[in-house]
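The following note records points for a colleague who is examining the structure displayed below. The points are numbered so that each may be checked against the coordinates in turn.

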2 protein chains.
Amino acid sequence: MSLIIQKYGGTSVGSVERIQAVAQKVKQQRERGDSVVVVVSAMSGETDRLVALAKAIQPEPLPREFDVLLSTGEQVTIALLSMALDAIDCRARSYTGAQVQVRTDSAHSKARIRDIDDARVRADLDAGRVVVVAGFQGIDAQGNITTLGRGGSDTSAVAMAAALKADECQIYTDVDGVYTTDPRIEPKARKLDRITFEEMLEMASLGSKVLQIRAVEFAGKYQVPLRVLSSFEEGEGTLISFEEDAVEEVKISGIAFAKDEAKLTVLGVPDQPGVAYKILGPISNANIEVDMIIQNIGSDEKTTDFTFTVHRNDYTKAMGILRDTAKALAAREVLGDEKIVKISLVGVGMRSHAGVASRMFETLAREGINIRMISTSEIKISVVIDQKYLELGVRALHDAFELASPA
Amino acid sequence: MSLIIQKYGGTSVGSVERIQAVAQKVKQQRERGDSVVVVVSAMSGETDRLVALAKAIQPEPLPREFDVLLSTGEQVTIALLSMALDAIDCRARSYTGAQVQVRTDSAHSKARIRDIDDARVRADLDAGRVVVVAGFQGIDAQGNITTLGRGGSDTSAVAMAAALKADECQIYTDVDGVYTTDPRIEPKARKLDRITFEEMLEMASLGSKVLQIRAVEFAGKYQVPLRVLSSFEEGEGTLISFEEDAVEEVKISGIAFAKDEAKLTVLGVPDQPGVAYKILGPISNANIEVDMIIQNIGSDEKTTDFTFTVHRNDYTKAMGILRDTAKALAAREVLGDEKIVKISLVGVGMRSHAGVASRMFETLAREGINIRMISTSEIKISVVIDQKYLELGVRALHDAFELASPA
């Protein structure tokens with residue numbers, strides 16, 4: 001008898017019929033003798049509906065109240081799924097994040113889970129009940145409702161798996177696993193049976209929508225075995241494993257990309273210690289996450305040029321802050337570009353092989369794609385290019401690294 | 001500086017624009033120097049939407065989960081109203097029933113409030129904030145979400161007023177006060193400036209939709225001054241007062257009616273002690289509320305006839321139970337009528353004046369309206385008549401008792 005955490009996203013619970021289908025899947029798992037905790041998202045469309053209501057009232061909704069509002073989305077789903085389970089004679093009980101309790105910090109809209117009180121959940125599991133938990137939400141030390149940010153239900157599921165020491169955390173989604181790249185862009189993309197934890201982390205953080213990065217980090221930290229599967233089709237999905245077999249071999253697992261990036265540059269900043277902090281501190285204080293950062297020497301030796309990328313939603317806000325900073329620092333000029341994307345090659349053992357980088361650059365050059373920024377890590381190489389070259393770049397790299405055929 | 005509780009129903013918060021209008025009203029009250037606690041319902045239509053979702057999954061939704069589901073309706077409103085207040089520089093903070101905490105018993109869908117922890121609310125009021133509380137909902141001793149039943153937001157508001165010892169509890173609705181009868185049926189109906197507490201109780205319990213009966217009971221018990229006003233128009237509304245001026249004078253305040261009644265009769269029940277309990281016990285155990293009860297001697301002296309009314313929604317269920325009981329008691333026959341309504345005259349000091357009853361019966365007789373049942377109390381006379389005579393009966397009585405002209 002195993003303890004399985006199953007997480008179903010918004011599309012998987014997007015209608016009454018789909019909720020009933022999820023109930024059948026949960027019941028099947030129960031009938032194998034396993035204990036099951038189900039973590040669910042809001043029904044697809046629901047969060048957008050709530051966001052639209054809020055924005056009609058306040059373009060930048062009050063963070064505390066925005067969380068009160070959004071958390072109702074999952075609360076609707078847990079109630080409906082518990083009813084659907086009860087309707088097929090599978091006893092179930094629902095819990096909101098506050099009821100569980102999923103304790104977080106107080107950073108509304110992007111709260112982080114501190115701990116989970118598993119007492120009530122365990123009691124229900126012991127009593128033979130399926131426990132249905134609202135993903136994406138928690139409660140802070142003052143009893144305020146918090147949310148973990150979009151996609152936070154994955155994190156909730158992994159945190160629940162860690163707290164309960166579950167045997168497997170299954171993330172059900174609308175795709176049947178992790179692919180070498182997005183099949184909508186490259187039809188030859190191939191499903192991976194396994195991927196290492198580190199590769200998954202890069203794939204997630206680089207814009208592959210399958211799993212939320214914080215969920216992957218959490219799973220890594222607590223060694224939670226993670227599996228991505230389809231809610232709609234049978235299949236084993238993709239297992240995210242901890243072993244790294246054959247690290248010596250160059251192995252590109254996949255191509256990730258991020259469409260929603262924007263690039264900001266400040267030119268001619270007088271070069272002095274602490275300049276990076278002076279530029280990025282105010283951005284970070286405004287709760288804007290910075291992705292890539294590049295600092296170059298300026299056009300003369302006394303100044304420096306500084307470029308970073310942010311999520312496109314934060315572009316206007318970041319630009320406003322950067323202009324103020326540039327003025328204070330007596331910088332020469334501020335530039336921005338909203339029409340850029342990032343493409344990344346991900347693979348264990350890549351770093352020791354300079355050949356990967358050069359083949360990547362060569363491939364892009366052959367297609368006439370100009371590289372705007374480059375950044376590398378242990379297991380990935382990322383380039384920023386003009387938005388219009390996204391599809392062309394992904395397909396060219398998928399071919400060049402022969403990802404369509406199994407490694 | 002007074003402490004005012006304002007309650008806004010579903011229609012008053014039925015759209016973004018209406019929520020913004022409510023925010024303006026609340027701000028006006030604040031600017032008079034008063035402290036304000038706002039209790040709100042779900043946006044109109046929202047509860048129906050949630051009920052439809054639940055019933056698509058389970059015709060009789062699991063009570064615990066049904067409450068988890070429905071309570072999201074008010075949670076959406078408190079968040080949006082708090083944002084709307086913030087948007088016009090009126091600081092506000094929202095609380096769900098669980099957060100306040102509104103502690104109830106565990107009777108899902110019809111929970112009763114036990115007490116309210118006013119500590120957090122007081123702290124916010126002291127800090128100059130408007131407090132926005134979700135009506136209709138609470139939490140039981142085990143931390144389960146409960147709801148007070150439809151219209152329970154009135155009860156929440158009054159309970160909050162009692163807990164905070166508020167100076168006035170204002171119930172904003174889509175009518176501008178309590179009328180002598182429903183103006184949609186009798187256009188000559190007149191708004192009352194004042195009504196006594198007991199009269200309001202009868203008006204509410206007899207089907208006047210302005211206020212929920214439990215809210216009125218609660219207000220009476222805790223001596224909460226209650227005022228009914230319109231969210232859409234200016235005006236003083238109707239004050240529900242505790243004094244009974246000039247009780248000696250016959251004063252008909254108004255005509256209430258209940259459209260959603262159904263009548264059940266069991267004929268020829270062997271007359272023996274405890275027969276009323278044997279008939280009504282199973283009905284009550286099924287959580288069906290019984291309204292009027294009449295017992296008459298049967299066609300022979302050894303049997304008795306028994307008639308009672310229930311809400312029309314409970315008719316089929318009640319009829320099924322009654323048939324079983326009738327069989328067990330060897331009763332002769334079971335009859336039912338779904339097409340009945342109840343009309344009631346309400347007024348303090350009525351009882352000592354037999355003239356009221358006779359004028360009522362005479363008026364109905366003159367219109368050819370057959371009376372099916374009669375029931376009286378200290379301050380009301382109710383008759384059950386065929387549904388088709390509702391409008392005719394109300395108008396005839398409104399004329400006969402000259403309610404269109406101020407007393």
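How many bridges join strand 13 of chain A to strand 14 of chain A, and in which sense do these strands run?

1. The model is a predicted one. As to the question above, strand 13 (residues 226–230) and strand 14 (residues 238–241) of chain A are joined by 3 bridges and run antiparallel. Within this pairing, Leu226(A) has Ile240(A), in strand 14 of chain A, as its bridge partner.

2. Strands 13 and 14 of chain A belong to an open sheet of 8 strands, whose order is 3-6-2-1-9-13-14-12 and whose pairing is mixed. At its edges are strand 3 (92–95) and strand 12 (194–196) of chain A, each of which pairs on one side only. From one strand to the next, the twist averages 20°.

3. Chain A also holds an open sheet of 6 strands, in the order 16-17-15-18-20-19, and here the pairing is antiparallel. Strand 16 (290–297) and strand 19 (371–377) of chain A each have a single partner strand, so one side of each is left without a neighbour in the sheet. The twist in this sheet averages 25° from one strand to the next.

4. The pairings within the 6-stranded sheet may be followed strand by strand. Strand 16 of chain A pairs with strand 17 of chain A in the antiparallel sense, over 6 bridges, and Ile294(A) stands opposite Thr307(A) of strand 17. Strand 17 (residues 303–311) of chain A also pairs with strand 15 of chain A, again in the antiparallel sense, over 8 bridges. In strand 17 of chain A, His311(A) is the residue opposite Glu261(A).

5. Further along the order, strand 18 (residues 333–346) and strand 20 (residues 380–386) of chain A run antiparallel and are joined by 7 bridges. Ser344(A) has Ser382(A), in strand 20 of chain A, as its bridge partner. Helix 12 (residues 390–400) of chain A packs on this sheet and touches strand 15 (254–270), strand 18 and strand 20 of chain A. The direction of helix 12 makes about 120° with that of strand 15 of chain A.

6. The relation between the two chains is next. Chain B is superposed on chain A by a rotation of 179° with 0.2 Å of shift along its axis, and the RMSD is 0.3 Å. That is the relation of a two-fold axis. The same surface serves both copies, as 100% of the contact residues of chain B recur in chain A. Of the residues of chain B, Thr72(B) comes closest to the rotation axis, with its C-alpha at 2.5 Å.

7. Chain B and chain A each give 28 residues to the contact. On the side of chain B that touches chain A, the elements giving two or more residues are helix 1 (16–31), helix 2 (46–57), helix 3 (63–70), helix 4 (72–87) and helix 5 (97–100) of chain B. Helix 4 of chain B gives the most, with 11 residues. By class, this side of chain B has 18 nonpolar, 8 polar and 2 charged residues.

8. Helix 7 (residues 152–164) of chain B has 13 residues, which at 1.5 Å a residue should span 18 Å; its end C-alpha atoms are 18 Å apart, in agreement. The helix is mostly covered, with 13 of its 13 residues buried. Lys165(B), which follows helix 7 of chain B, has a positive phi, near 50°.

9. Two cis peptide bonds deserve inspection of the backbone. In chain A, the bond from Val100(A) to Gln101(A) is cis, with omega near -5°; Gln101(A) is in the loop between helix 4 (97–100) and strand 4 (102–104) of chain A. In chain B, a cis peptide bond joins Val100(B) and Gln101(B), with omega about 5°. Gln101(B) is in the loop between helix 5 and strand 4 (102–104) of chain B.

10. Positive phi values also occur at two acidic positions. Asp89(A), a residue other than glycine, has phi near 60° and lies in the loop between helix 3 (63–87) and strand 3 of chain A. Asp89(A) is exposed, with 7 other C-beta atoms within 10 Å. Glu402(B) has phi near 50° and lies in the segment after helix 13 (390–400) of chain B. Glu402(B) is likewise exposed, with 11 other C-beta atoms within 10 Å.

Methods
Residues are numbered from 1 along each chain as its sequence is written. Chains are lettered from A and ligands numbered from 1 in the order in which they are written. This is a predicted model: local features need pLDDT of at least 70, side-chain atom pairs count only at pLDDT 80 or more; totals for chains, interfaces and linings use all residues. Copies are superposed by least squares on the C-alpha atoms of residues with pLDDT of at least 70 in both. Two residues are in contact if their C-beta atoms, placed from the backbone, lie within 7 Å. Helices (H or I, at least four residues) and strands (E, at least two) are DSSP runs, numbered from the N terminus. Ala, Val, Leu, Ile, Met, Phe, Trp, Tyr, Cys and Pro count as nonpolar, Asp, Glu, Lys and Arg as charged, and the others, Gly among them, as polar. Two strands pair if DSSP finds at least two bridges between them. Axes are lines fitted to C-alpha atoms, for helices over the stretch in contact, and angles run from 0 to 180 degrees between N-to-C directions. The expected span of a helix is 1.5 Å times one less than its number of residues. A residue is buried if 20 or more other C-beta atoms lie within 10 Å of its own, exposed if 12 or fewer, and partly exposed in between; C-beta atoms are placed from the backbone.
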